[in-house]
Amino acid sequence: MFLRRVARPLMMAARVKETTGIVGLDVVPNAREVLIGLYTKTLNEIKAVPEDEGYRKSVESFTLHRLKVCEEEEDWEAIEKKLGCGQVEELIEEAQDELKLIGHMIEWNPWGIPDGYECEVIENDAPVPKHVPLHRPGPLPEEFYKTLEAVDTGTLNQAISSSKKEDPVIA
């Protein structure tokens with residue numbers, strides 16, 4: 001009896017999450033600690049990306065914000081509410097995915113274009129290599145070309161007035 005009186009208020013104070021409500025996404029009882037660890041690791045790994053790259057700036061910005069919230073808040077509900085980006089378990093999956101992406105980005109090195117790199121420019125009438133997809137729109141309606149010619153020659157008002165149909169005469 002004594003334990004029920006003492007333990008029940010303690011259990012109510014620290015709410016335990018029973019389910020995420022998302023199929024396949026289990027509750028992580030120590031989600032705050034896991035997030036702090038993942039965000040710290042993310043900030044360490046992103047240092048391999050050049051400082052002036054937008055990807056690094058973006059990742060550092062939102063990761064620092066989320067880490068700060070996780071360090072300030074003790075309760076998973078407060079973290080979810082303050083971040084407004086889903087459940088802590090979803091945030092864990094996002095952080096793990098970001099770590100994988102950082103590894104890929106470092107491997108792919110999209111910012112490492114060498115000085116003096118030249119890319120092939122295909123002019124309008126030049127033959128397009130077979131490996132390059134060809135995206136050319138279909139022909140425009142004849143009225144478009146007539147209007148364009150009228151604009152070029154300064155006879156737009158004349159073209160508009162000649163295209164207007166007169167009201168039929170009622171006999």
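Okay, let's start at Leu140, which is found in the loop between helix 5 (88-108) and helix 6 (142-153). Keep in mind that this is a predicted model. Leu140 counts as partly exposed, because its relative accessibility is 43% and the partly exposed range runs between 20% and 50%.

What does Leu140 make together with Phe144, Tyr145 and Leu148? Those four make a nonpolar surface patch of about 370 Å².

Two members of that patch deserve another look. The count of aromatic pairs comes to one. Phe144 and Tyr145 form that pair, and the arrangement is edge-to-face, with 5.5 Å centre to centre and 80 degrees between the planes. Phe144 is partly exposed at 39% relative accessibility, and Tyr145 is partly exposed with a relative accessible area of 39%.

Right, on to charges. Side chains of opposite charge can pair when their charged atoms come close. How many salt bridges does the structure hold? Eight.

Here's one of them: Lys17 with Glu80, where the closest N and O atoms are 2.8 Å apart. Lys17 lies in the loop between helix 1 (2-13) and helix 2, while Glu80 lies in helix 4 (residues 76-83), so this pair ties together parts that are 63 residues apart in sequence. Buried or exposed, then, for Lys17? Lys17 counts as buried, at 14% relative accessibility. Glu80 is buried too, with a relative accessible area of 16%.

Next one: Arg56 and Glu60, whose side chains meet in a salt bridge at 3.0 Å, N to O. Both sit in helix 3 (residues 54-72), four residues apart, and that's about one turn of the helix. Arg56 is buried, at 10% relative accessible area, whereas Glu60 is partly exposed, at 23%.

Then there's Lys82 with Glu73, 3.4 Å from N to O. Lys82 is partly exposed at 44%, and Glu73 is partly exposed at 21%. As for sharing, salt bridges with partners in common join Lys17, Glu80 and Glu89 into one network.

Last stop, Arg32, over in helix 2 (residues 31-45). Arg32 has a relative accessible area of 15%, so we call this residue buried. And what does its side chain reach at 2.8 Å? The backbone oxygen of Cys70. If you leave aside neighbours within four places in sequence, Arg32 is in contact with Cys70, Glu71, Glu73, Glu74 and Ile79. You've already met Glu73 on that list, as the salt-bridge partner of Lys82.

That's my tour, thanks!

Terms used: Residues numbered from 1 in each chain as written. Predicted model: local features only at pLDDT ≥ 70, side-chain atom pairs only at ≥ 80, totals over all residues. Heavy atoms only, no water. Helix = DSSP H or I, 4+ residues; strand = E, 2+ residues; numbered from the N terminus. Buried < 20%, exposed > 50% of the residue type's maximum accessible area, 1.4 Å probe, protein only. Polar contact = N/O pair within 3.5 Å; in protein donor to acceptor, adjacent residues only side chain to side chain. Contact = heavy atoms within 4.5 Å. Patch = residues over 30% accessible without salt bridge, like charges linked within 9 Å, V, L, I, M, F, W, Y side chains within 5 Å. Areas by Shrake-Rupley, 256 points an atom, 1.4 Å probe, with all protein chains shown as cover. Phe/Tyr/Trp six-rings, centres within 6.5 Å; stacked < 30°, edge-to-face > 60°.
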